[in-house]
Amino acid sequence: MGDKGTSNHTEVTDFILIGFKVRPELHILLFLLFLFVYAMVLIGNVGMMAIIMTDPRLNTPMYFFLGNLSFIDLFYSSVIAPKAMINFWSESKSISFAGCMTQLFLFALFIVTEGFLLAAMAYDRFIAICNPLLYSVQMSTRFCTQLVAGSYFCGCFTSVLQTSMTLTLSFCSSRVIDHFYCDARPLQRISCSDLFIYKMISFFLSSIIILPTVIVIIVSYMYIVSTVLKIHSTEGRKKAFSTCSSHLGVVSVLYGAVFFMYLTPDRFPELSKVASLCYTLVTPMLNPLIYSLRNKDVKEALKKMLEKKNTVL
């Protein structure tokens, strides 16, 4: 591609996503696996949004946040899955430079937004359990909208900054990305630029994204646990914990996969791919299941919707 220092990203027209290093005969199995999981993502998240929008009983802050969570899960998995499935059948496995940067931008936008949205949901549960009498006042429609809008703003700001930094990198040694989608770490590996400033800014961005959201979640649940333990009745404790268990499950799966991926050394790229698979497809598939199976209101709303559909038919 040229000598180091003279070539830059403008000379790169496309990249090659090599995906998972498995035997060619296993590609059809991976394709079917991706297809099944992505179909479940579509059905689960579209279904969850439909239930929330059509049932008046779910017109509450918690379900407003949950509807946005389903929207985010649906779109960021759609940024990754279709191209990955196409590449299982493609000989070239190429993605254009513009397509790669678009994938990087959109994925960063939605994954960061989800992190801040989960923090907002933790705060919502904190108010609901620790200050129930003030819940309707503190979690007003305007405030909830501001929290969601702020989450999207943080995601967009972070995504613009990260993508802009990536556009300044030079790619003069290889076009082969050892991943199944365009992510920051695999792109760093094939860059011939000095990555010191890039890594410092990336570390700073990760810190201002992860630390505040994790702190809000941890502090919220510290207060929640303290309040629940003061409830004398077993039924009351069980009801309070049940409203939080779904959210805790979603947070654990997402952050567990993210931390695992970023703590995995670069010499183990296949482990990073497995972790990436967890939060790009598995988490969006599990979120609707976690909330529907452990939430009485959602199950009743789903039952009501199915009964209405059967009546019409």
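**Figure 1. Glutamate 270 and its salt-bridge partner in helix α9.** Glutamate 270 is partly exposed, its relative accessible area being 30%. In this predicted model, the side chain of glutamate 270 meets that of lysine 273 in a salt bridge, with an N to O distance of 2.7 Å. Lysine 273, by contrast, has a relative accessibility of 0% and counts as buried. Both residues belong to helix α9 (residues 269-293), where they are three residues apart, about one turn of the helix. The pair is also part of a wider network of salt bridges, which links Lys21, Asp178, Glu270 and Lys273. In total, the structure holds seven salt bridges.

**Figure 2. The salt bridge between arginine 57 and aspartate 55.** The closest N and O atoms of arginine 57 and aspartate 55 are 3.0 Å apart, and the two residues form a salt bridge. Aspartate 55 counts as buried because its relative accessibility, 6%, falls under the 20% limit. Arginine 57 is partly exposed because its relative accessible area, 46%, lies between the limits of 20% and 50%.

**Figure 3. The largest cavity and its lining.** The structure holds three cavities of 30 Å³ or more. The largest cavity has a volume of about 90 Å³. Its lining is made up of Leu17, Ile18, Gly19, Phe20, His27, Ala84, Asn87, Phe88, Lys93 and Phe180. Helix α2 (residues 61-89) contributes the largest share of this lining, namely three residues. Sorted by class, the residues around the largest cavity comprise six nonpolar, three polar and one charged.

**Figure 4. The second largest cavity and the charged pair in its lining.** The second largest cavity encloses about 40 Å³ of space. Met62, Met121, Asp124, Arg125, Thr243, His247 and Tyr291 line the second largest cavity. Two helices, α3 (97-130) and α8 (234-263), each supply at least two residues of this lining. The most comes from α3, with three residues. By class, the lining of the second largest cavity has three nonpolar, two polar and two charged residues. Among the lining residues are Asp124 and Arg125. Aspartate 124 and arginine 125 form a salt bridge, with their closest N and O atoms 2.8 Å apart. Both aspartate 124 and arginine 125 are buried.

**Figure 5. Strand β1 between its two partner strands, β2 and β3.** Side chains alternate along strand β1 (residues 14-17): Phe15 and Leu17 point to one face and are buried, whereas Asp14 and Ile16 point to the other face and are not buried. Strand β1 pairs with strand β2 (residues 94-96) in the antiparallel sense, over three bridges. Within this pairing, serine 96 of β2 stands opposite aspartate 14. Strand β1 also runs parallel to strand β3 (residues 176-177), to which two bridges join it. Here valine 176 of β3 is the bridge partner of isoleucine 16. Leu17, one of the buried side chains of β1, is also listed in the lining of the largest cavity.

Terms used. Residues numbered from 1 in each chain as written. Predicted model: local features only at pLDDT ≥ 70, side-chain atom pairs only at ≥ 80, totals over all residues. Heavy atoms only, no water. 1 Å grid on protein atoms, 1.4 Å probe; cavity = no way out; pocket = protein on both sides within 12 Å on 5 of 7 lines; lining within 4 Å. Points joined across faces, edges and corners; volume = space filled by probe spheres on them. Helix = DSSP H or I, 4+ residues; strand = E, 2+ residues; numbered from the N terminus. Nonpolar A, V, L, I, M, F, W, Y, C, P; charged D, E, K, R; others polar. Buried < 20%, exposed > 50% of the residue type's maximum accessible area, 1.4 Å probe, protein only. Pairing = 2+ DSSP bridges. Salt bridge = Lys/Arg side-chain N within 4 Å of Asp/Glu carboxyl O.
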